[in-house]
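Me: Got a structure here that I want to go through piece by piece. Can you take my questions in whatever order they come?

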Amino acid sequence: MSWQPISDGVTQAWHLIATCDPQIVDITIRSLQTSSMATVMAAFVGLPLGIIIGMGSFRGKELVKILFNALVGVPTVSLGLFLWAMFSRDGPLGVLDLLYTVPGIAVGEAILIIPIIVSFTASAIEAKDEKLRDLVRTLGASDFETAMAILREAWGGVSLALVSSFNRAFAELGIAMMLGANIRGITRVLTTAISLETAKGELGLSFALSFILFAVVLSLNFVVGYVGRSRWFGDLQARSGW
Amino acid sequence: MTEKKGMTINQRTMVIIGVVLAVAFVAGAWYMTRPTTKEQIIVSTTTSFYETGFLDILKKNFETKYPQYNVSFISQGTGLAIETAKKGNADLILVHDPKAETTFLTDGYGVNRKIVAYNFFIYVGPSADPIGVKGLSPVDALKKIAEEGAKGNAIWVSRGDNSGTHSKEKALWKLAGLNVTLLKQQTTPDGKPWYYEAGAGMTATLQLADQKNAYTITDVASYLKNSASGNIKLVKVVDSGKDTLNVYAAIICNPSKNTRGHYEASTTFVKYLASDEGQALFKDYGVTQYGQALFKPWITTLKANTDTDLIQWVKDYAYIEGSDCPMAYRLNPGDLYS
């Protein structure tokens with residue numbers, strides 16, 4: 001029984017963080033870039049969709065909800081493969097020249113996490129009192145104002161959706177590998193670097209990178225959770241009327 | 001009432017500010033990650049080449065000499081590496097599968113094939129060598145492993161991923177007169193298979209073989225590297241020979257089929273690989289670390305013309321119609337073949 005790769009990993013992780021290893025900083029920043037770009041893009045599409053589905057009552061609504069719930073479980077490598085064929089030079093979207101670029105990975109991850117945002121947002125809104133919508137309406141609010149009011153009421157669930165989808169984009173491997181191909185200095189992110197170092201048999205470094213990935217996720221979630229619940233944020237919300 | 005109105009405006013302002021910030025953020029990230037002004041060429045290559053670390057040295061030296069270019073390597077098994085190039089996502093391929101390379105040329109996807117380096121495949125196995133494979137020829141060793149495997153005395157691990165190494169393995173089983181499809185279905189007396197398919201890269205396959213005390217085929221470079229780092233305890237049981245030759249060639253994507261448009265830059269890259277400077281990189285890589293070069297420079301060997309046996313082996317194995325690249329598939333090669 002050997003704990004060596006894991007203990008090596010801990011030591012190396014400390015060393016890499018302490019020395020601000022430029023390559024590690026580079027790939028960590030790129031990971032943050034892809035996943036935050038993806039979350040922003042996905043929010044633009046997913047939040048309105050989630051609000052419409054959550055607030056509306058239309059035929060086939062249950063079917064649409066089931067579809068988005070199912071899409072949450074799409075394997076990243078399958079979606080990556082599909083997008084690889086789409087973004088390939090001879091593929092339908094080849095002219096966009098997105099393959100093997102950071103925006104390419106971000107678009108892929110955005111598509112991956114849109115269903116998470118839609119599903120979570122829709123559920124969060126439905127969980128709120130149905131009468132709320134009518135109440136806001138009777139107070140003379142426009143559609144947009146109604147949506148905003150409901151979004152504010154369901155903010156707990158919606159922020160959870162955004163944070164979860166960021167985490168998913170940050171930690172996924174399949175799309176980053178297929179659409180980025182792990183090119184050093186260009187598309188290498190934390191997960192593809194871990195995969196490569198494992199393939200190379202550099203287990204200590206793989207563990208070190210994994211610890212760094214987890215540390216980043218943990219601190220981001222901590223910051224978001226803490227700020228979201230803090231009195232300062234509450235004041236800010238109240239003052240801005242949000 | 002006025003208060004309510006104020007709230008609404010603030011709410012809208014907030015949303016607008018949020019949207020503007022988000023757009024600015026995406027645009028900024030996009031701008032920061034835009035491609036450099038350098039011409040970027042993409043080389044689709046194999047895992048065995050990539051995992052040894054040689055390509056980092058190659059990239060550094062090439063880009064120092066030609067600062068106008070930026071080289072990116074994508075590493076996949078030879079099968080997917082060629083598929084990537086066929087779909088127009090790469091400018092050239094650097095692989096080790098003469099059969100697949102020939103098809104790539106004859107299907108019209110590639111031009112100007114150039115053999116640049118070689119090394120050997122070896123068989124590795126448990127140091128005790130329980131079935132006595134040591135010293136056998138590559139073909140006899142496979143026969144022995146199959147015979148003992150069926151009795152439950154040995155395990156063979158295959159890459160199983162259509163890589164160049166996997167192609168080589170299948171060719172060797174064929175030479176030994178054995179049918180791999182049947183071997184896969186065979187079971188030992190206690191009902192377990194003895195022919196394992198890893199479906200993984202070379203290092204992962206070596207690790208699997210190491211854990212299982214199994215035999216497997218590997219390129220020398222991957223073996224030396226993993227052995228030196230203490231990843232595996234397997235030892236070399238069957239040495240290099242004519243049948244286990246491993247030859248690396250570069251092929252440029254045919255500009256009439258490939259729309260990336262970096263034909264000139266790709267030609268420069270292949271010429272650099274074939275130049276004395278490029279060949280010296282092969283000759284020196286790994287000598288200090290492993291006591292021997294991981295890849296042997298082919299063009300230097302051919303010019304020196306001292307090891308005539310070896311030169312004949314490479315020609316028999318990797319030449320297409322008597323040369324690196326038949327005339328029909330050469331496109332403005334300049335001095336590449338002189």
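Me: Start with Ser256(B): buried or exposed?
Reply: Ser256(B) is exposed, because 10 other C-beta atoms lie within 10 Å. A residue is exposed at 12 or fewer other C-beta atoms within 10 Å of its own, buried at 20 or more, and partly exposed in between, with C-beta atoms placed from the backbone.

Me: Before I go on, what kind of model is this, and how is the numbering done?
Reply: This is a predicted model, where local features need pLDDT of at least 70, side-chain atom pairs count only at pLDDT 80 or more, and totals for chains, interfaces and linings use all residues. Residues are numbered from 1 along each chain as its sequence is written, while chains are lettered from A and ligands numbered from 1 in the order in which they are written.

Me: OK. Where is Ser256(B) found?
Reply: In the loop between strand 9 (245-253) and helix 11 (263-274) of chain B. Helices (H or I, at least four residues) and strands (E, at least two) are DSSP runs numbered from the N terminus.

Me: And what separates the C-alpha atoms of Ser256(B) and Ile16(B)?
Reply: 48 Å, with the two residues 240 apart along the chain.

Me: Which domains does chain B have?
Reply: The assignment gives domain 1 (1-30), domain 2 (39-119 + 246-329) and domain 3 (121-244). Those bounds come from an automatic or database domain assignment. Between the centres of domain 1 and domain 3 of chain B, over C-alpha atoms, there are 63 Å.

Me: How many helices and strands in chain B?
Reply: 15 helices and ten strands. The C-alpha trace of chain B spans about 95 × 55 × 40 Å along its principal axes, and 44% of its 338 residues are buried.

Me: Same for chain A, how many helices and strands?
Reply: Twelve helices and zero strands. The C-alpha atoms of chain A fill a box of roughly 65 × 50 × 35 Å along the principal axes, and 40% of its 242 residues count as buried.

Me: Back to chain B. Why is strand 2 of chain B largely enclosed?
Reply: Eight of the eight residues of strand 2 (residues 69-76) of chain B are buried, so the rest of the structure largely encloses it. On one side are Tyr69(B), Val71(B), Phe73(B) and Ser75(B), on the other Asn70(B), Ser72(B), Ile74(B) and Gln76(B), and all are buried.

Me: In what sense do strand 1 and strand 2 of chain B pair?
Reply: Parallel, over eight bridges, with strand 1 of chain B covering residues 39-46. Strands pair if DSSP finds at least two bridges between them. Thr45(B) stands opposite Ser75(B) in strand 2 of chain B.

Me: How many residues of chain B are in contact with chain A?
Reply: 30 residues of chain B are in contact with 22 residues of chain A. In contact means C-beta atoms, placed from the backbone, within 7 Å. Helix 1 of chain B gives the largest share of the chain B side, eleven residues. By class, that side has twelve nonpolar, 15 polar and three charged residues. Ala, Val, Leu, Ile, Met, Phe, Trp, Tyr, Cys and Pro count as nonpolar, Asp, Glu, Lys and Arg as charged, and the others, Gly among them, as polar.

Me: What about the largest nonpolar core, how many residues?
Reply: 146 residues, and those with the most contacts inside it are Ile117(A), Leu92(B) and Tyr215(B). Such a core is a set of buried Ala, Val, Leu, Ile, Met, Phe, Trp, Tyr and Cys residues joined through C-beta atoms within 7 Å. Helix 5 of chain A gives the most to this core, with 15 residues.

Me: What is Leu92(B) in contact with?
Reply: Leaving aside neighbours within four places in sequence, its contacts include Val43(B), Ile251(B), Cys253(B) and Phe269(B).

Me: Last one: what should helix 8 of chain A span?
Reply: 24 Å for its 17 residues (155-171) at 1.5 Å a residue, and its end C-alpha atoms are 24 Å apart, which agrees. The expected span is 1.5 Å times one less than the number of residues. The buried residues of helix 8 of chain A pack against helix 2 (22-55), helix 5 (102-127), helix 7 (143-153) and helix 11 (203-229) of chain A.

Definitions and conventions:
Two residues are in contact if their C-beta atoms, placed from the backbone, lie within 7 Å.
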